[in-house]
Amino acid sequence: MDDCLHLKITRRRLLIASAVSASAAALPSLSGAASRDAPQTAAAPVQQRVRLRINGEVHSLELDTRTTLLDALREHLQLTGTKKGCDHGQCGACTVLLDGRRINACLTLAVMHEGAELTTIEGLGTPGRLHPMQAAFVKHDAFQCGYCTPGQICSALGMLDELRAGQPSHVSADLEAAPTLSADEIRERMSGNLCRCGAYSNLVEAITEAAGSRA
Amino acid sequence: MKPFTYERAGSPQAAVASAAAHPGARFIAGGTNLLDLMKLEIETPAHLIDVNGLGLDQIEGTADGGLRIGALVRNSDLAADARVRRDYALLARALLSGASGQLRNRATTAGNLLQRTRCPYFYDSDLPCNKRLPGSGCAALGGYSRQHAILGVSEACIAAHPSDMAVALRALDAVVETLRPDGSTRSLALADFHRLPGETPQVEHALEPGELIVAVTLPPPPGGRHVYRKVRDRASYAFALVAVAVIVQPDGRGRVALGGVAPKPWRLEAAEAELPRGASAVATALLAEARTTRENAYKTLLVERTLAAALAEARS
């Protein structure tokens, strides 16, 4: 019985950890051994001020240094359009545009972005005046529960900018040629956004239409 | 997450000086791996030194015709660089096969080299792991190990290095340039950068305390056909079960590096001498020292077949 329970937990954790995806970006100053031997001061929470420009509006916040950009948006600015899915960079629900580039808001600290320009789903359109990408999502039924949708839309906009800038992808046949929009390119480039409802085929259609091409 | 103090370093010199003054500090760049580990309290730095503003984000030609890649160049920018796409296609292909668009936009060149294993037992603080808690044991040896390493492993650890980029850099003879707190610099061949686990799997690389990677340098373009072939559980956004990087010259000579099978990017120059005899001969040489578990024994056959496919593509 205990073994059975242990096995279940282990398998679940294994699956979670197996999916942890990141090509990473920390620059540890110390070797693992040295850091573990070094004294770790159990510091009290540290507050720090940061100024962010979000959807054109400047916000000055006093935050615990541990606050992720995602939590700053949701818990401190009540910009709850950006969703928390996995909180580990695996699902893409928290995708926002940082200085025009799509990133996972859960895997970066708010204090790291002093003076940065952020666009969230709230900055793209209004209920009466949808952004073309939002309108295409509605038209093509590119969602069911809607939880991944803000991340999908921000990611799609960032992705199209990358494609227009000529960035290749894993499925681009010719690395040196300018990539062209296709369903395969969209699927590959959007692989960092999961949709548990499985609206993938409609997502491809919506993004294709919003891109202004019937590739 | 444990509390920490945070600073933005103003220069590489200031960054290493601060690291020397703060035992237990970490540099943070993209943060896509470090922050994840901090949330799980596997990493618990008392101080973070943000190196994003150091100006180490340029890609420049070198005097000998190679390329100098700043430590802070994002993975997406490196893969999109025209010189990389033309002259170091292996590197562009490896980068594009890793992670997601969002992650590549943040992840950096140096951070990618320093990312830590995705062994599930390293992440699970309820279970033993010699890398996370030295001396506690290895849960992977008798556990779920189909993703684990088969080369360069020890009784203490069978975790695989997760990077695709590093596999290409190994095949390209990359050199890591660093700055130390005393102001001195040094160059480390990527071949010597990552450490095998032995009895100290917590020691993963050759950097000294406070030492900062400032750039990765590539020798002049090697020419030949470049193929990076990655086998994984789904078509995109997954770590390699096996990855093969090959560069094949018109005369049949070439280079081979493996990913997903070892605690570091795996390359044996002696195995490359077998290239004229075909994939099977190269694989046999590469895998002579392989130590498998019941669950990852399939990787030996997968290496041979993936290598055969990569070589066929490179020669087509």
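**Exercise 1. Determine whether A:Asp64 is buried or exposed, and characterise its salt bridge.**

Solution.
Step 1. A:Asp64 has a relative accessible area of 16%. Burial requires a value under 20%, so A:Asp64 is classed as buried. The model is a predicted one.
Step 2. The partner of A:Asp64 in a salt bridge is A:Arg66, with 2.8 Å between the closest N and O atoms.
Step 3. A:Arg66 has a relative accessibility of 21% and therefore counts as partly exposed. The pair thus joins a buried aspartate to a partly exposed arginine.

**Exercise 2. State which secondary-structure elements the salt bridge of B:Glu177 and B:Arg68 ties together, and classify both residues by accessibility.**

Solution.
Step 1. The closest N and O atoms of B:Glu177 and B:Arg68 are 3.0 Å apart.
Step 2. B:Glu177 belongs to strand S6 (residues 175–179) of chain B, and B:Arg68 to strand S5 (residues 67–70) of chain B; the pair therefore ties together parts 109 residues apart in sequence.
Step 3. With a relative accessible area of 18%, B:Glu177 is buried. B:Arg68, at 28% relative accessibility, is partly exposed.

**Exercise 3. Locate the salt bridge between B:Glu208 and B:Arg186, and then place it among the salt bridges of the whole structure.**

Solution.
Step 1. The side chains of B:Glu208 and B:Arg186 meet at 3.8 Å, N to O.
Step 2. B:Arg186 lies in strand S7 (185–189) of chain B, whereas B:Glu208 lies in the loop between S7 and strand S8 (212–218) of chain B, so the bridge ties together parts 22 residues apart in sequence.
Step 3. B:Glu208 is partly exposed, its relative accessible area being 33%.
Step 4. Over all chains, a search of the whole structure yields 36 salt bridges. A network of salt bridges links B:Arg170, B:Asp173, B:Arg255, B:Arg267, B:Glu269 and B:Glu272.

**Exercise 4. Describe the interface of chain A and chain B by its contacts, buried area and polar interactions.**

Solution.
Step 1. On the side of chain A, 73 residues are in contact with 90 residues of chain B.
Step 2. The size of an interface is often expressed as the accessible area lost when the parts come together. Here the area buried between chain A and chain B is about 6,800 Å², and carbon and sulfur atoms give 55% of that area.
Step 3. The rule finds 2 salt bridges across the interface of chain A and chain B. A:Arg101 and B:Asp77 form a salt bridge of 3.0 Å, N to O.
Step 4. Residue pairs in polar contact across this interface number 24, counting pairs with both residues at pLDDT 80 or more.
Step 5. Elements that each supply at least two residues of the side of chain A touching chain B include helix H1 (2–19), strand S4 (95–98) and helix H5 (149–164) of chain A. H1(A) provides the largest share of that side, 8 residues.
Step 6. By class, the side of chain A that touches chain B comprises 30 nonpolar, 31 polar and 12 charged residues.

**Exercise 5. Assess the confidence and the overall organisation of chain A.**

Solution.
Step 1. The average pLDDT of chain A is 86, and 79% of the residues score at least 70. Over residues 1–39 of chain A, however, the pLDDT is below 50; this stretch has 115 contacts in the model beyond near neighbours in sequence.
Step 2. Chain A contains 7 helices and 6 strands, in the sequence order α-β-α-β-β-α-β-β-β-α-α-α-α.
Step 3. Of the 215 residues in chain A, 53% are buried. Among contacts in chain A with a separation of 6 or more, 54% involve residues 24 or more positions apart.

**Exercise 6. Describe the surroundings of B:Asn296 and B:Ala89.**

Solution.
Step 1. B:Asn296 is located in the loop between helix H11 (279–286) and helix H12 (298–315) of chain B. At 0% relative accessibility, B:Asn296 is buried.
Step 2. Leaving aside neighbours within four places in sequence, the contacts of B:Asn296 are B:Ser145, B:Arg146, B:His148, B:Ala149 and B:Ile150.
Step 3. B:Ala89 is in helix H5 (residues 89–96) of chain B and, at 16% relative accessibility, counts as buried.
Step 4. Leaving aside neighbours within four places in sequence, B:Ala89 is in contact with A:Leu175, B:Val84 and B:His226.
Step 5. The C-alpha atoms of B:Ala89 and B:Arg225 are separated by 8.6 Å, although the two residues are 136 residues apart along the chain.

Terms used. Residues numbered from 1 in each chain as written. Chains lettered and ligands numbered in written order. Heavy atoms only, no water. pLDDT = per-residue confidence, 0-100. Contact = heavy atoms within 4.5 Å. Buried area = accessible area lost by both parts, 1.4 Å probe. Salt bridge = Lys/Arg side-chain N within 4 Å of Asp/Glu carboxyl O. Polar contact = N/O pair within 3.5 Å; in protein donor to acceptor, adjacent residues only side chain to side chain. Helix = DSSP H or I, 4+ residues; strand = E, 2+ residues; numbered from the N terminus. Nonpolar A, V, L, I, M, F, W, Y, C, P; charged D, E, K, R; others polar. Buried < 20%, exposed > 50% of the residue type's maximum accessible area, 1.4 Å probe, protein only.
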